[in-house]
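This report walks through one protein model, from its pocket to its core and its charged pairs. Have the sequence and the 3D view ready.

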Amino acid sequence: MHMVRRPICYLSGAFIVGISAMAVWERGSVISLLIVVGFLVLLGINLPIGKESWPKLGPQAASILILLLLGGGFYQQESQRSFVLHELEGNIGTVTGRVIFVEEKPETTQYLTILCHEVGGVDHIPGDEKILYRVYDGEQSLVDLTGKMVQIRGKIIIPNPARNPACFDYQKYLRSRGIGTLMDGKLTDIQVMEENLGSDFWKAIFRTMNQAAISKKLFLNRLQMNLNDKQYGLAAGMLFGDKNQMDEDLLGMFQKNATAHLLAVSGLHVGLFYMFMRFFARIFQRDHSLIWNVLILTVLFIYGFLS
């Protein structure tokens, strides 16, 4: 594989390596240096050798260096990003926003990821600020709220960072999802808002989000009816990355055997799903059809959203 044939792989890899190096910087600059050096060595091995390729190496090397720095800068900016809702920490606030994901936890706990539109007591809020709304008395499933505009009320909380070095950092994890603030509330504190979107495009997008989430819920309910608890937890984990229903002993076995990555939706899952779709495309002789390929991309995006 030569860089002139697959430049996007190296360029995107440089950006990701820049992010990774900055992410582990606080654990030790040596580790960050090893990550960058390892990438550059791999890059050097795959570079085309020959006098005719030398004139192209300068611009390519400059592009890779720039993307390494951009990746590191992007991570640094996101890790130091300020959230408007932090100004209201400890207060009871009212937020209006759109539900983009609902995660059902064991028992009656449900987490709603909400894209904020308006916040009481705040004049302006960035369009990409999200909040994680935690409901602990959610006996009724809230999955059908996905894609809908709601008004919520509850106590505003800033997530705690890791208390010990090298331990799980819940604050950073939420930041990686664009979430900077928590809010605790009750089922009765959620009110569905009426809205006039106007655009048929956005109506279709939000309706698709809602129907996809409901279909996933119905599918999981069907699995739960036909499988025992351990089998159901394993199936939910491997299909959608949902480890909430998994048996703790079984989850511990995956972690001890270093196979826990199978329970996180990754390129492996997407690749298998893509191969499955391509197989049917070839059966119906539609593997070169533009409409079929657009359909495959749409389904993959929906799968990523559900996971």
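By class, 20 nonpolar, 13 polar and 10 charged residues line the largest pocket. Here Ala, Val, Leu, Ile, Met, Phe, Trp, Tyr, Cys and Pro count as nonpolar, Asp, Glu, Lys and Arg as charged, and the others, Gly among them, as polar. This is a predicted model, in which local features need pLDDT of at least 70 and side-chain atom pairs pLDDT 80 or more, while totals for chains, interfaces and linings use all residues. Residues are numbered from 1 along each chain as its sequence is written, and side-chain values use heavy atoms, with hydrogens and water left out.

## The largest pocket

The lining has 43 residues. Which of them lie nearest the centre of the pocket? They are Phe-101, Val-102, Glu-103, Asp-242 and Asn-244. The elements that give two or more residues to the lining are strand 1, strand 2 (110–119), strand 3, helix 4 (170–176), helix 5, helix 6 (229–240) and helix 9 (290–306). Helix 5 gives the largest share, six residues. Helices (H or I, at least four residues) and strands (E, at least two) are DSSP runs, numbered from the N terminus.

The volume of the largest pocket is about 1100 Å³. The search runs on a 1 Å grid over the protein atoms alone; a pocket is an open set of points where a 1.4 Å probe fits, with protein on both sides within 12 Å along at least five of seven lines, and lining residues have an atom within 4 Å of a point. Grid points are joined across faces, edges and corners, and the volume is the space filled by probe spheres set on the points.

## Salt bridges

How many salt bridges does a search of the whole structure find? There are three. Each one is a side-chain nitrogen of Lys or Arg within 4 Å of a carboxyl oxygen of Asp or Glu.

| Pair | N to O distance |
|---|---|
| Glu-103 and Lys-105 | 3.2 Å |
| Lys-217 and Glu-104 | 2.8 Å |
| Arg-134 and Asp-184 | 2.7 Å |

Take Lys-217 and Glu-104, joined by a salt bridge. Lys-217 lies in helix 5 (residues 200–226) and Glu-104 in strand 1 (residues 92–104), so this pair ties together parts that are 113 residues apart in sequence. Lys-217 is partly exposed, at a relative accessible area of 25%. Glu-104 is also partly exposed, at 22%. The cut-offs are simple: buried means under 20% relative accessible area, exposed over 50%, and partly exposed in between (1.4 Å probe, protein chains only).

Arg-134 and Asp-184 form another salt bridge. Arg-134 sits in strand 3 (residues 130–135) and Asp-184 in strand 5 (residues 179–185), so they link parts 50 residues apart in sequence. Is Arg-134 buried or exposed? Arg-134 is buried, with a relative accessible area of 13%. Its partner Asp-184 is partly exposed, at 23%.

The salt bridge between Glu-103 and Lys-105 completes the set. Glu-103 is partly exposed, with a relative accessible area of 21%. Lys-105 is partly exposed, with a value of 21%. Glu-103 also appears among the residues nearest the centre of the largest pocket.

## The nonpolar core

The largest nonpolar core has 23 residues. Such a core is a set of buried Ala, Val, Leu, Ile, Met, Phe, Trp, Tyr and Cys residues joined through side-chain atoms within 4.5 Å. The residues with the most contacts inside it are Leu-85, Leu-112, Ile-114, Tyr-133, Ile-152 and Ile-190. Strand 1, strand 2, strand 3 and strand 4 (149–157) each give two or more residues to this core. Strand 2 gives the largest share, four residues.

Gln-110 lies in strand 2 as well. Gln-110 is buried, with a relative accessible area of 2%. The side chain of Gln-110 reaches the backbone nitrogen of Leu-142 at 2.9 Å.

## Three more residues

Gly-237 belongs to helix 6. With 0% relative accessibility, Gly-237 is buried. Its C-alpha atom is 8.7 Å from that of Val-265, 28 residues apart along the chain.

Arg-177 is in the loop between helix 4 and strand 5. Arg-177 is partly exposed, at a relative accessible area of 27%. Arg-177 and Lys-130 are 47 residues apart in sequence, with 8.6 Å between their C-alpha atoms.

Gly-120 is in the loop between strand 2 and strand 3. Its relative accessibility is 45%, which counts as partly exposed. The C-alpha atoms of Gly-120 and Gly-93 are 6.5 Å apart, with the two residues 27 apart along the chain.

Methods
Polar contact = N/O pair within 3.5 Å; in protein donor to acceptor, adjacent residues only side chain to side chain.
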